[in-house]
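Got your viewer open? Let's walk through this one stop by stop, picking a selection each time and checking what sits there.

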Amino acid sequence: MELLSPSEKKYLLERLRIQYGVEDAFEDLVLLKAGQGRIRAVTKEAFELAQKLRKVQQVGLYVVKLMKGDAILSIEGSQLLNGKIKKNVIELDEELAREWMKAAPINSPTTYSSKYVVAKCGNLYLGSGRFTRDGKIYPQVAKWRRIPEE
């Protein structure tokens with residue numbers, strides 16, 4: 001469990017501001033590196049307790065992945081930033097949200113300023129998807145979280 005350095009945290013917050021219009025993200029949480037560019041968020045109390053205990057391998061929620069300069073929000077990461085995400089958000093109806101959770105490509109009626117967008121169905125955030133030049137958004141939903149095909 002390695003803490004994000006102040007410069008790494010500043011870089012992450014800047015990426016979130018540029019990509020999603022988020023002004024103050026994860027301010028009351030401790031951010032940890034989790035390998036492969038992944039970042040986990042944990043409360044200060046839980047982090048301090050985990051440091052005192054032996055053999056703790058992971059702590060906190062996986063919230064964002066930094067990859068090639070892009071911040072890719074996980075489902076939980078996008079939900080923690082509920083209401084703070086101001087741009088590059090695609091609104092989905094219930095049927096499209098179901099397709100999203102199957103990781104099926106979604107046709108986008110608009111173009112976005114970022115390679116990654118966040119999907120939202122009502123007040124429920126569904127994580128990030130990759131926006132491609134062909135006008136499709138490919139949801140970044142882990143295989144184990146996907147709704148199985150009928």
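How do the residues of the lining of the largest pocket divide into nonpolar, polar and charged? Keep in mind that you're looking at a predicted model. The split is ten nonpolar, two polar and four charged.

**Stop 1: the pocket.** Start by selecting R38, Y62, S74, Q140 and A142: among the 16 residues that line the largest pocket, these lie nearest its centre. The space inside comes to about 370 Å³. Now colour strand 4 (61-67), strand 5 (70-73) and helix 3 (75-80), the elements that each give two or more residues to this lining. Strand 4 gives the most, with four residues.

**Stop 2: the sheet.** Keep strand 4 and strand 5 on screen and bring in the rest of the sheet. You should get an open sheet of five strands in the order 1-2-3-4-5, with antiparallel pairing. Strands of a sheet pair through backbone hydrogen bonds. At the edges you'll find strand 1 (2-3) and strand 5, each pairing on one side only.

**Stop 3: one edge.** Zoom in on strand 1 and strand 2 (residues 30-33), which pair in the antiparallel sense over two bridges. Pick E2 and look across to strand 2: its bridge partner there is K33.

**Stop 4: the helix on the sheet.** Finally, select helix 1 (residues 6-20), which packs on the sheet. Helix 1 touches strand 1, strand 2, strand 3 (38-42), strand 4 and strand 5. Turn the view until you can compare directions: helix 1 makes about 80 degrees with strand 5.

Technical notes: Residues are numbered from 1 along each chain as its sequence is written. This is a predicted model: local features need pLDDT of at least 70, side-chain atom pairs count only at pLDDT 80 or more; totals for chains, interfaces and linings use all residues. Side-chain values use heavy atoms; hydrogens and water are left out. On a 1 Å grid over the protein atoms alone, a cavity is a set of points where a 1.4 Å probe fits but cannot get out, and a pocket is an open set with protein on both sides within 12 Å along at least five of seven lines; lining residues have an atom within 4 Å of a point. Grid points are joined across faces, edges and corners, and a volume is the space filled by probe spheres set on the points. Ala, Val, Leu, Ile, Met, Phe, Trp, Tyr, Cys and Pro count as nonpolar, Asp, Glu, Lys and Arg as charged, and the others, Gly among them, as polar. Two strands pair if DSSP finds at least two bridges between them. Contact means heavy atoms within 4.5 Å. Axes are lines fitted to C-alpha atoms, for helices over the stretch in contact, and angles run from 0 to 180 degrees between N-to-C directions.
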